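Student: Please take me closely through a single part of this model. I should like one connected account of a chosen hairpin, followed outward to whatever surrounds it.

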Amino acid sequence: MTESASLTELSFTVSGRVARPPEGVYEAVADPEQLSRYFTTGGARGRLAPGADVTWDFADFPGAFPVTVTEADPPRRLVIEWAGEATTGERGVTRVVFEFEPIDSGRRTLVTITETSWQPTPEGAKAAFGNCEGWTGMLAALKVWVEHGINLREGFYR
């Protein structure tokens, strides 16, 4: 970054590789029953599809969070919005993009999660870092769930 450039928004990207084809990995994220088994420790309601009534609940952050799906392109991409602290938009949401890229002749999937829309302030940084930690944990839990059927988060938060 040059000295004349200014930071207008905080964002992050995390990624990981899952030893399964993109169709199954995408489904593990889009399907509320599977998502509830390894990520949303308080449960997920509604399939990640545009127009669906979706909520996620977490034991470590009790209370259902509404999730808005703005784009679904199975098995390649999902885009959601959900409430955030110290966000840049007027609606107080962050944007999360999930990308599922086939690698190794489609036998494995590179999952990339990018979340944007925080203010470049101490409050925005705290919220962004917290969500970065959450999505990194989600990727690890997704990998273990899809590859081995193990719920990595079981008992972790309560």
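**The β6-β7 hairpin and its surroundings**

Tutor: Strands β6 and β7 make up a hairpin in which 4 residues separate the two strands, and Asp104, located in the turn, adopts a positive phi of about 55°. The model is a predicted one, and local features are considered only where pLDDT is at least 70.

The two strands should be taken together at the outset. β6 covers residues 93-103 and β7 covers residues 108-118; they run antiparallel and are joined by 9 bridges. Two of the bridge partners help to locate the register: Ile103 is matched with Arg108 in β7, while Phe98 has Ile113 as its partner in β7. Strands in a sheet pair by means of backbone hydrogen bonds, in either a parallel or an antiparallel sense.

The hairpin belongs to a wider assembly. An open sheet is formed by 7 strands in the order β1-β7-β6-β5-β4-β3-β2, with antiparallel pairing. Its edges are β1 (10-18) and β2 (43-45), each of which pairs on one side only. Averaged over the sheet and with direction ignored, neighbouring strands are turned by 20° against each other. On the β1 side of the hairpin, β7 pairs with β1 over 9 bridges, again in the antiparallel sense. There Phe12 stands opposite Glu115 of β7.

How much of β7 is covered? Of its 11 residues, 9 are buried, and the strand is mostly covered. Ser117, a residue of β7, illustrates this: its relative accessible area is 11%, so it counts as buried, the limit being under 20%. The Ser117 side chain forms a polar contact of 3.4 Å with the side chain of Thr116. Beyond residues up to four places away in sequence, Ser117 touches Glu9, Leu10, Ala86, Thr87, Thr88, Val93, Thr94 and Arg95.

Thr94 in that list leads back to the other strand of the hairpin, since it lies in β6. Because its relative accessibility is 0%, Thr94 is classed as buried. Its side chain meets that of Glu115 in a polar contact of 2.4 Å. With neighbours within four places in sequence set aside, the residues in contact with Thr94 include Ile80, Glu81, Trp82, Gly84 and Thr87, together with Glu115, Thr116, Ser117 and Trp118.

Two helices also bear on the hairpin. Helix α1 (residues 22-30) lies across β1, β4 (61-73), β5 (77-83), β6 and β7, and runs at about 155° to β6. Helix α3 lies across β1, β3 (54-58), β5, β6 and β7, with an angle of about 10° to β1. The extent of α3 can be checked from its length: at 1.5 Å a residue, its 27 residues (122-148) should span 39 Å, and since the end C-alpha atoms are 39 Å apart, the two values agree. Among the buried residues of α3 are Gly124, Ala128, Trp135, Leu139, Leu142 and Trp145. Directly after α3, Gly149 has a positive phi of about 70°.

Aromatic side chains deserve a final look. Phe98, the partner of Ile113, is a member of one aromatic cluster with Phe39, Trp56, Phe58, Phe65, Trp82 and Trp135. The structure holds 14 aromatic pairs. One of them is Tyr38 with Trp145: the ring centres are 6.3 Å apart and the planes stand at 15°, so the pair is stacked, planes under 30 degrees apart being the criterion. Because Tyr38 belongs to helix α2 (residues 32-38) and Trp145 to helix α3, this pair ties together parts that are 107 residues apart in sequence. Tyr38 and Trp145 are both buried.

Technical notes. Residues numbered from 1 in each chain as written. Predicted model: local features only at pLDDT ≥ 70, side-chain atom pairs only at ≥ 80, totals over all residues. Heavy atoms only, no water. Expected span 1.5 Å × (residues − 1). Buried < 20%, exposed > 50% of the residue type's maximum accessible area, 1.4 Å probe, protein only. Pairing = 2+ DSSP bridges. Axes fitted to C-alpha atoms, helices over the stretch in contact; angles between N-to-C directions. Contact = heavy atoms within 4.5 Å. Phe/Tyr/Trp six-rings, centres within 6.5 Å; stacked < 30°, edge-to-face > 60°. Polar contact = N/O pair within 3.5 Å; in protein donor to acceptor, adjacent residues only side chain to side chain.
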